[in-house]
Amino acid sequence: MAEYLLIESRDPFESNDVGYYYDLAMGLVAAGNKVTLFLAQNGVLPARPSTRSDALSALAKSGVTVLADDFSLQERGIAKLAEGVASAPIDVVVDHLAAGHKILWH
């Protein structure tokens, strides 16, 4: 079992390929890996409760840990998060790097 950190910085309202990244996370979990999806920059926009956040909630239910950068949330005025999404500091990325996990940035 490998451990992955997938960092999503793109806004799914502007970029159609964000869904493919969510599918990658789901596939990695289904293959028995431990996966964390870290939302940063405009990638935090679907973390607000909305129809676009359903995909993130589904990822969380499948076993993906879904985290949203607390600074990016604050910059965009997002206080309430969708089900399954938690706020986290950027230190999470450093911790994953230090632990030798596989990191992908989109």
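Here are a few friendly notes on this predicted model, from the overall fold down to one loop residue.

1. Let's start with the layout. The protein chain contains four helices and five strands, and along the sequence these run in the pattern β-α-β-α-β-α-β-α-β. With a radius of gyration of 13 Å, close to the 13 Å that the globule rule gives for 106 residues, the chain is as compact as a globular protein of that length. Along the principal axes, its C-alpha atoms fill a box of roughly 35 × 25 × 20 Å.

2. On packing, 45% of the 106 residues count as buried. Among contacts with a separation of 6 or more, 71% join residues 24 or more positions apart.

3. The surface is worth a glance too. About 5600 Å² of the protein chain is exposed, with carbon and sulfur atoms supplying 53% of that area. As for charge, there are 8 positive and 13 negative side chains, and the centres of the two sets lie 4 Å apart.

4. Now to the interior. In soluble globular proteins, nonpolar side chains tend to be buried together. Here the largest nonpolar core has 24 residues, and those with the most contacts inside it are Val35, Leu37, Leu39, Leu56, Leu59 and Val64. At least two residues of this core come from each of strand S1 (3–8), helix H1 (18–30), strand S2 (34–39), helix H2 (54–62) and strand S3 (65–69). H1 makes the largest contribution, with six residues. Another core, of eight residues, lies apart from this one; Ile7, Leu67, Ala88 and Val93 are among its members.

5. If you would like one core residue to click on, try Leu39. Which residues does Leu39 touch, not counting those up to four places away in sequence? Its partners are Glu8, Val44, Ala47, Leu56, Val66, Leu67, Ala68 and Asp69. One of these, Leu56, is also listed among the residues with the most contacts inside the largest core, while Leu67 belongs to the eight-residue core.

6. My last point concerns backbone geometry. Most residues other than glycine have a negative phi. Gln41 has a positive phi of about 50°, although it is not a glycine. This residue sits in the loop between S2 and H2. Is Gln41 buried, partly exposed or exposed? Its relative accessibility is 42%, so Gln41 counts as partly exposed, given that this class lies between the 20% and 50% limits.

How values were computed
Residues are numbered from 1 along each chain as its sequence is written. This is a predicted model: local features need pLDDT of at least 70, side-chain atom pairs count only at pLDDT 80 or more; totals for chains, interfaces and linings use all residues. Side-chain values use heavy atoms; hydrogens and water are left out. The radius of gyration is taken over C-alpha atoms; the globule rule is 2.2 Å times the number of residues to the power 0.38. Buried means under 20% relative accessible area, exposed over 50%, partly exposed in between (1.4 Å probe, protein chains only). Contact means heavy atoms within 4.5 Å. Accessible areas come from the Shrake-Rupley method with a 1.4 Å probe; for residues, only the protein chains shown count as cover. Lys and Arg count as positive and Asp and Glu as negative; His and the chain ends are not counted. The place of a charge is taken as NZ of Lys, CZ of Arg, CG of Asp or CD of Glu. A nonpolar core is a set of buried Ala, Val, Leu, Ile, Met, Phe, Trp, Tyr and Cys residues joined through side-chain atoms within 4.5 Å.
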